[in-house]
Amino acid sequence: MDKPKEGRRHIPDRDELHAAVQGTGGRPEGEKSRREHAEKDQGESGEHFRTLIENSLDLMMVLKEDGTVAYAGPSLERILGYRRRDSSNRGFLEFVDEKDRERLRDRIVQSAKIAGSTFSLDLNMRRKDGAWRTFEIIGKHLPNDPKVKGIIVNGRDVTERKQMEEKLRRMNNELEARVEERTAELRNAHERLEREIREHRESEEERARMATAIEKGGDCVIITDPEGVIQYVNPAFEKASLYSREEITGRDFSFLKVEGPDGSIWSDMWDTLKEGNVWAGRITNRKKDGSAYAVERTMSPIRDGAGRLMNYLVVERDMTEQVGLEAELRQAQKMQAIGTLAGGIAHDFNNILAAMIGFTELALDDVEQESPAVRHLQQVRKAGHRGRDLIKQILTFSRQAEGEKKPVQVVPIVREVLKLMRASLPSTIEIRPIIEAEGGLIFADAVQIHQLLINLATNAGQALRGGKGALEARVRDFTFSDASDAPHPDMEPGSYVKISISDTGSGIDEVIKERIFEPFFTTRQTESAGMGLSVVYGIVKSHNGAITVSSAPGKGATFTVYFRKLKEAVHTEKARPVHISKGKGRILFVDDEEALVEIAKQMLERLGYEVVAEKDSVKALKQFQRDPAKFDLVITDQTMPNMTGIELAKKLMSIKKDLPIILCTGFSEVISPESAKAIGIREFVMKPIIKNEMEETISRILTGAGTGKRK
């Protein structure tokens, strides 16, 4: 319910309104009533209220509950210009602006529902001359008053006040906007000042951090003037070049240039910089001691705001280690390629040797023992065996994986290495093995010891540049009990195996001797990548050994390696003797080499076995599937088209679980004796196959005497 606002004007009550109506032409109810009422209204009170209504500055009206005008005071014509009779029974809403009618109608409807209720609102009303005025309307519902029976409405013209309020509101808004704008300006100015202070502080901190980074950083930093005169270097440059800041400041930057092929690079660098561009590339600098070192350099021109050249900034990274790693990678890739090539050669050469040795052994069986051809054939077989040993050496050299450390006899490895070196060195170089130890038992990785000796022997061979001289390998036991007698500070008293590799070459200069074990250090730029002796040093250290060098210019060099000697002898499991008798049983032999199939078939049949030979592994599988029970043993090659020996073996054992299988191979990175054993293969035999060895292996399997592995 709407209530009148505090301080609002007086609304006449029913008696006052009735008196006013009677005095202004209202319709009398009867002569008697008129007289009675006239008598009541006589006096100053009635006249006072009549005057009040007639001269009121406010709009005075009575509305019916449906909103039509029941009574309009004289102020209607004075304020809105409408005559009183023009308003009788007209809808009050007709005088009101359309946009305000809905609100007024809602108030009238709500007020009409409750007796005594009041409402108030501001709305626009149109004068008769068309002008719009704003009125403050107050209404009160008096339905039970027989003299009113409607809604008393009082309206005051507040147009000027509203205009003033609107003007004040606009002025206030403008003032607030100006205050807010000024406040925003002050706030922005304050924030800008704070930001400038913060940026200045951050700039100072950034400069401090940059200076610290340059001073503490690992990259070399050099600043020169536009003429290339050095003005600043950081500690990293001092460390790399061995020059102090004081020594190098004020010198021309080009004094770092190393005479040689880099000259054109320096010219290109200055040409690029003069064009205003940044130059970047790999170049060589000269150290204070005269040695050279590779750097990755970026050189940039520094200009001021006007575009004038102020300085050159040089940032360099020492690439010595990177160059070494690149050389190491190339060496590793080369060794990998050699290993792959060696494996391929071994596989093909083993098949050739297998045919040569096999047919030779068959020929020896067919020739009378008194025939001169026997000796010739024996020499052919001997040469074949030597070829087999050479292939073993190549395979040992090509192995990349690190083996397991275990008790190892050094002497056989030394002999094997010397045989390999004999094939690679000119015949004018004498090789002298001097073995003064029974076996030289040490705890080591045989492959790494083999590599160590190869590297030392190769180094000695390279020292004999004229192709003449001697290479000596000496093995002997060495013992000392007093620490002062130790040949090397890392050695403790005890028993050692001493291995010395000597040459009669030009010797090693004392200055160079201190650096020979550094990675990539070499004095033979066209012959070596500088990795051989560093690898030797690494192997010695990984075995807790020691290495010494003795040399003098013109007197050759001797590298001596010491390894702890094992006191206990190596206990090898001896195979039980196998009684070889006439063979009995059916063997399926599979190999894709026709010559090897022919040799194997004849060899095994001469030993008494029934042989089914196949060159195709798929056909061999079908042959076996037709009657698995008739085969007592399968001998298969590993590397074959369509189906490998391992794949064939798995299929055969899925048919006949306890089938004994011998796997033969010249070289394979896919299968090893251990992995073959793990899938159920009884024996793993390396080609070329020797008649006596194969006879013993087959007899051992078929008689159940053992399942050892051929090495």
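**Surface patches on a predicted protein chain**

Arg-192, Arg-195, Arg-198 and Arg-201 together form a positive patch on the surface. The model is a predicted one. A second patch, nonpolar in character, is made by Met-164, Leu-168 and Met-171. Helix α7, spanning residues 159–216, contains Arg-192, and Leu-168 is likewise found in helix α7.

**Positive patch**
- Four arginines make up this positive patch, among them Arg-192 and Arg-201.
- Arg-192 has a relative accessible area of 41% and is therefore partly exposed.
- Membership of a patch requires over 30% relative accessible area and no salt bridge; the 41% of Arg-192 is the value to set against that area cut-off.

**Nonpolar patch**
- The patch of Met-164, Leu-168 and Met-171 covers about 300 Å².
- Leu-168 counts as partly exposed because its relative accessibility is 46%, and the class of partly exposed residues lies between the buried limit of 20% and the exposed limit of 50%.

**Chain as a whole**
- The protein chain comprises 711 residues, of which 40% count as buried.
- Its secondary structure consists of 21 helices and 22 strands.
- About 40,000 Å² of the protein chain is exposed, and carbon and sulfur atoms supply 50% of that area.
- When contacts between residues at least 6 apart in sequence are considered, 60% of them join residues at least 24 apart.

Notes:
Residues are numbered from 1 along each chain as its sequence is written. This is a predicted model: local features need pLDDT of at least 70, side-chain atom pairs count only at pLDDT 80 or more; totals for chains, interfaces and linings use all residues. Side-chain values use heavy atoms; hydrogens and water are left out. Patches are made of residues with over 30% relative accessible area and no salt bridge: like charges are joined within 9 Å, nonpolar side chains (Val, Leu, Ile, Met, Phe, Trp, Tyr) within 5 Å. Accessible areas come from the Shrake-Rupley method with a 1.4 Å probe; for residues, only the protein chains shown count as cover. A salt bridge is a side-chain nitrogen of Lys or Arg within 4 Å of a carboxyl oxygen of Asp or Glu. Lys and Arg count as positive and Asp and Glu as negative; His and the chain ends are not counted. The place of a charge is taken as NZ of Lys, CZ of Arg, CG of Asp or CD of Glu. Helices (H or I, at least four residues) and strands (E, at least two) are DSSP runs, numbered from the N terminus. Buried means under 20% relative accessible area, exposed over 50%, partly exposed in between (1.4 Å probe, protein chains only). Contact means heavy atoms within 4.5 Å.
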